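Colleague: I am new to this structure and would like to learn how to read its features one at a time. Could you take me through a pocket and then a sheet?

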Amino acid sequence: MKSKLLFLLLLAVLIISCDDDKPAAPSDDNAGKLYVKFINEAASEYDISVIQIRALGLVTEGENPTGDWSENLLRNGEVIKPGQYKYFYLDIPNRHWSKARIGVYSSQGSTIMLHEQSGFNVAFPVTNITHWGNDKRTVRAAVAYSSSEQMILVQSWSDWAGIED
């Protein structure tokens with residue numbers, strides 16, 4: 001009986017300590033940063049292997065790119081498969097926004113950066129991440145091959161305040 005109770009207690013501790021790949025609780029290192037849940041929609045046809053951002057300044061001042069594109073936000077070979085998500089912190093100050101660009105794994109196992117495809121037009125769906133109204137954000141993307149454009153495109157993109165459960 002005693003060993004059964006000990007086993008149940010240990011099991012409860014293990015279950016409580018698991019937390020859906022969420023980053024550690026906010027610390028001074030993350031103060032002022034945007035906490036993001038990035039979802040690759042189930043309708044996507046590709047694994048997302050690269051996410052980069054570039055600061056655009058204050059939301060109210062229009063698009064004013066500053067600095068270079070970030071390193072890949074997905075570390076150590078991480079990917080976000082269709083229907084999956086990742087959490088991370090972004091260094092986007094409150095009331096600012098950033099442009100995002102992504103890369104996906106091809107069927108041959110190489111990474112294709114969408115913006116590097118021949119004929120890519122920057123007017124394709126907007127891929128912005130804003131830090132407005134909340135320090136938490138849910139971003140959703142669906143990536144698929146467009147037969148009319150003959151390339152892989154972001155078919156839908158959304159970002160809104162708060163973390164979707």
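Modeller: Please keep in mind that this is a predicted model. As for the largest pocket, the largest share of its lining comes from β4, which gives four residues.

Colleague: Which elements give two or more residues to that lining?

Modeller: They are β2 (48-58), β4 (96-105) and β8. The lining of the largest pocket is made up of 20 residues, and those that lie nearest the centre are Lys99, Ala100, Arg101, Phe120 and Thr127.

Colleague: What volume does the largest pocket have, and how do the residues of its lining divide into nonpolar, polar and charged?

Modeller: The volume is about 370 Å³, and the lining consists of 14 nonpolar residues, two polar ones and four charged ones.

Colleague: Turning to the sheet, in what order do the four strands of the open sheet lie?

Modeller: To read a sheet, one follows the pairing from strand to strand; here the order is β3-β1-β7-β8, in an open sheet whose pairing is mixed. At the edges are β3 (85-90) and β8 (151-161), each of which pairs on one side only. On average, and with direction ignored, neighbouring strands of this sheet are turned by 25 degrees against each other.

Colleague: How many bridges join β7 to β8, and do the two run parallel or antiparallel?

Modeller: Strand β7, which covers residues 136-146, is joined to β8 by ten bridges, and the two strands run antiparallel.

Colleague: Which residue in β8 does alanine 141 stand opposite?

Modeller: Opposite alanine 141 stands tryptophan 157. Strand β8 is thus a name to remember from both topics, as an edge strand of the sheet and as one of the elements that line the largest pocket.

Key:
Residues numbered from 1 in each chain as written. Predicted model: local features only at pLDDT ≥ 70, side-chain atom pairs only at ≥ 80, totals over all residues. Heavy atoms only, no water. Pairing = 2+ DSSP bridges. Axes fitted to C-alpha atoms, helices over the stretch in contact; angles between N-to-C directions. 1 Å grid on protein atoms, 1.4 Å probe; cavity = no way out; pocket = protein on both sides within 12 Å on 5 of 7 lines; lining within 4 Å. Points joined across faces, edges and corners; volume = space filled by probe spheres on them. Nonpolar A, V, L, I, M, F, W, Y, C, P; charged D, E, K, R; others polar.
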